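Q: Could we go through the aromatic residues of this model, and then turn to its surface?

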Amino acid sequence: MGSLIPFSPPPFLFHRPPSLPQIPNPNPNPKTPLPLSRRSLFLSFTPLPFLPHLLAHASEPNPDAPPSPPDTTVTDRVFLDFSLCPSYFRSDRTLGEDLASCPESEPLGQVILGLYGKHVPRTCSNFKAVCTGSSGSSYKGTLVQKIFQGQYFIAGRQGRKDKGEVRAPIDLEKNLESVDSRAFALNHLRPGTLSLCLSENDDDDGIKLNPNYRNVEFLITTGPGPCPELDNGNIVFGSVLEGLDVVTTIATIPTYKPGERIRQFNDLAEFLGDERAQNARTIWDQPLKTVYISDCGELKVAKPSLSPTLP
């Protein structure tokens with residue numbers, strides 16, 4: 001019988017694999033069973049009926065979160081050409097003569113306005129419709145009514161065409177944005193701010209009471225500083241993209257300023273309830289030269305190169 005040869009196993013048979021992370025046992029005492037009941041087993045396999053409701057509410061905006069800033073993307077561009085008509089106040093002027101055909105017109109220049117159609121679409125749509133004439137009326141041939149030097153000027157007063165006012169635009173939809181607080185989010189911070197004239201509106205009360213009345217009066221700030229007194233009362237819906245120098249030129253035109261004694265009498269008449277006080281103030285701050293809109297319309301731009309601005 002031969003001798004036995006001792007067997008040496010290869011070392012890899014005794015190699016221990018790396019230890020894996022230990023997962024804690026939910027039941028540290030194996031002798032104590034987990035407290036399972038019919039109710040717990042039933043709930044573990046029953047879908048939660050309120051889960052879709054929770055997911056739906058998770059996607060809703062937080063009412064306590066701060067509101068997002070208004071979108072001031074320029075969606076439309078319109079132009080207004082301003083001119084002077086020295087013969088408008090002449091006694092031999094024909095009643096009903098259109099200012100757009102003033103024979104001695106002195107051009108002041110063109111102002112290009114960018115409209116914020118995503119912020120206040122109805123206000124911008126109505127303004128553009130009056131600029132193009134598709135509303136049944138137009139700003140063409142109408143006066144700049146008042147100039148508040150160092151602040152703003154007002155144009156687009158509704159009334160009689162032969163008086164240089166805007167004829168009632170019969171084809172405009174009613175602007176419900178004028179009663180929406182979100183429409184007043186933008187302020188009059190810089191020169192060239194275009195705003196729908198609400199608190200400073202100068203239209204006659206008889207015209208405003210007409211159920212078909214549509215406010216188309218607007219203002220443009222002239223600078224040099226902001227106009228905080230216009231905030232929260234007028235809707236900012238655009239800004240000047242080109243022609244701010246024309247706006248500045250209009251701001252320098254002299255206006256009618258009543259004397260101190262006339263102001264005192266007017267204040268007293270207003271205190272006593274005299275309606276003539278309000279009528280007398282309608283000529284205050286009117287330009288002493290005839291400034292009017294000689295032409296207006298929409299600019300079609302295939303590839304806009306002008307960046308949006310926030311007034």
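**Aromatic contacts and a surface patch**

A: In this predicted model, one aromatic cluster is formed by F127, Y139, F218 and F237.

Q: And how many aromatic pairs are there in the whole structure?
A: A search of the whole structure gives six aromatic pairs. One of them joins F82 and F153 edge-to-face, at 5.9 Å centre to centre and with 80° between the planes.

Q: Where do F82 and F153 lie?
A: F82 belongs to strand 1 (residues 76-84) and F153 to strand 4 (residues 152-155), so their pairing ties together parts that are 71 residues apart in sequence.

Q: Is F82 buried or exposed?
A: F82 is buried, because its relative accessibility is 1%. F153 counts as buried too, at 0% relative accessibility.

Q: Back to the cluster: what about Y139 and F218?
A: Y139 and F218 make an edge-to-face aromatic pair, with 5.1 Å centre to centre and 75° between the planes. Y139 sits in the loop between helix 3 (121-132) and strand 3 (142-148), while F218 is in strand 6 (residues 218-221), so this pair links parts 79 residues apart in sequence. Y139 is buried, with a relative accessible area of 1%, and F218 is buried with a relative accessible area of 1%.

Q: Now the surface. Which residues make the nonpolar patch?
A: L268, F271 and L272 make a nonpolar surface patch of about 390 Å². Of these residues, F271 is found in helix 6 (residues 260-271).

Q: Why does F271 count as exposed?
A: F271 has a relative accessible area of 72%, and exposed means over 50%.

Terms used
Residues are numbered from 1 along each chain as its sequence is written. This is a predicted model: local features need pLDDT of at least 70, side-chain atom pairs count only at pLDDT 80 or more; totals for chains, interfaces and linings use all residues. Side-chain values use heavy atoms; hydrogens and water are left out. Patches are made of residues with over 30% relative accessible area and no salt bridge: like charges are joined within 9 Å, nonpolar side chains (Val, Leu, Ile, Met, Phe, Trp, Tyr) within 5 Å. Accessible areas come from the Shrake-Rupley method with a 1.4 Å probe; for residues, only the protein chains shown count as cover. A salt bridge is a side-chain nitrogen of Lys or Arg within 4 Å of a carboxyl oxygen of Asp or Glu. Helices (H or I, at least four residues) and strands (E, at least two) are DSSP runs, numbered from the N terminus. Buried means under 20% relative accessible area, exposed over 50%, partly exposed in between (1.4 Å probe, protein chains only). Rings of Phe, Tyr and Trp (its six-membered ring) pair if their centres lie within 6.5 Å; planes under 30 degrees apart count as stacked, over 60 as edge-to-face and the rest as tilted.
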